[in-house]
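The following note is offered to a colleague who wishes to read the model alongside its sequence. The points are numbered so that each may be taken up separately.

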Amino acid sequence: MEDAVYDYEKEIPAGFYDRVYRQGAGIRFCWHDLKFRTVAAELGPARRVLDIGCGPGTFIGNYLAGSEALGLDISAAQIDYATRTYGSATHRFSTRPLISLSETGERYDAVTVVELIEHLTPDAAIRLLSEARALLAPGGLLVVTTPNYRSLWPLIELGVNAASPVNYVEQHINRYRRSLLGEHLAAAGYRDIAIRTAVGLAPFAAVFGLGAANVLHALELRAKHFGAGNLLLATARP
């Protein structure tokens, strides 16, 4: 993520997003929970998973109980938090660069990139996706999520900026829509690319309780978010 322009080590406290998740209720918890549940559902029975941009380790620690998983992040502080909070014999966290994994012959059944590529320049995003492809085993699966700028996301972003110490306007420099995400995945050498939307208005129903949010989420899934979910979710093969 050397082409990102935001100082993540300095601006985001270690474990910030995991502490939001650990509240176990509310809109922000529900957003992360639905996002991670959606990604985990795509993985199926993947035995070995690489999570690029793992942050404080929330996804691996809470949604990949049956998998051997490695989380990578450029922030040593986030990796230290993830290791202390979720580290185990099967769940590891590291600041190693992707290229070093490739050089040692590491291969994974699935690679996840959850809300990361919007923080990178276009060239850097394509390069990261290409390096991730080299780490997939034959027939392996890439799962990517990123904000959908052809949805209500820009308005949500403004609201979060007003209520949170974290500023997404400064962080999100690569604003994806379906066509651009498809172009970047193709440029990175992927095939069998499928892109849909995910996570609609359900998190906001959490003000009435998680039960209400889950009911709305189920309804939105049936309607496929009318193609206007607030996240883009892409799957692709090497």
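1. Leaving aside neighbours within four places in sequence, which residues is Leu135 in contact with? The model is a predicted one, and in it Leu135 is in contact with Leu50, Leu98, Leu101, Ser102, Glu106, Arg107 and Tyr108. Leu135 lies in the loop between α7 (122–133) and β5. Its relative accessibility is 0%, and it therefore counts as buried, the cut-off being under 20%. The C-alpha atom of Leu135 is separated by 8.0 Å from that of Val111, although the two residues are 24 apart along the chain.

2. The overall architecture may be set out next. The protein has eleven helices and seven strands. A compact globule of 238 residues would have a radius of gyration near 18 Å, and the 17 Å of the protein agrees with this. The C-alpha trace spans about 50 × 35 × 35 Å along the principal axes.

3. As to packing, 52% of the 238 residues of the protein count as buried. Among contacts with a separation of 6 or more, 73% are between residues 24 or more positions apart.

4. The surface and the charges deserve a separate remark. About 10,600 Å² of the protein is exposed, and carbon and sulfur atoms supply 56% of that area. There are 23 positive and 24 negative charges, and the mean positions of the two sets are 6 Å apart.

5. Thr146 belongs to strand β5 (residues 136–147). Is Thr146 buried or exposed? It is buried, because its relative accessible area is 0% and the cut-off is under 20%. Not counting residues up to four places away in sequence, Thr146 touches Glu115, Ile117, Glu118, Tyr176, Leu181, Leu231 and Leu232.

6. One of those partners, Leu181, leads to helix α10, which comprises residues 178–187. Within α10, Leu180, Leu181, Gly182, His184 and Leu185 are buried. What covers these buried residues includes α7, β5, β6 (191–198) and β7 (231–237). Just after α10, Gly189 takes a positive phi of about 95°.

7. Where is Gly53 placed? It is in the loop between β1 (48–52) and α4 (58–63). Gly53 has a relative accessibility of 25% and so counts as partly exposed, since that class lies between 20% and 50%. Not counting residues up to four places away in sequence, it touches Leu72, Asp73 and Leu116. From Gly53 to Gln171 the distance is 14 Å, C-alpha to C-alpha, and the two are 118 residues apart in sequence.

8. The cysteines call for a brief comment. The structure holds zero disulfides. Cys54 is buried, with a relative accessible area of 8%, and Cys30 likewise counts as buried, at 2% relative accessibility.

9. In reading these points together, the reader may wish to begin with β5. This strand contains Thr146, and it is also among the elements that cover the buried residues of α10. The loop that holds Leu135 lies between α7 and β5, and α7 is likewise included in the cover of α10.

Notes. Residues numbered from 1 in each chain as written. Predicted model: local features only at pLDDT ≥ 70, side-chain atom pairs only at ≥ 80, totals over all residues. Heavy atoms only, no water. Helix = DSSP H or I, 4+ residues; strand = E, 2+ residues; numbered from the N terminus. Rg over C-alpha atoms; globule rule 2.2 N^0.38 Å. Buried < 20%, exposed > 50% of the residue type's maximum accessible area, 1.4 Å probe, protein only. Contact = heavy atoms within 4.5 Å. Areas by Shrake-Rupley, 256 points an atom, 1.4 Å probe, with all protein chains shown as cover. Lys, Arg positive; Asp, Glu negative; His and termini not counted. Charge placed at Lys NZ, Arg CZ, Asp CG, Glu CD. Disulfide = S-S within 2.5 Å.
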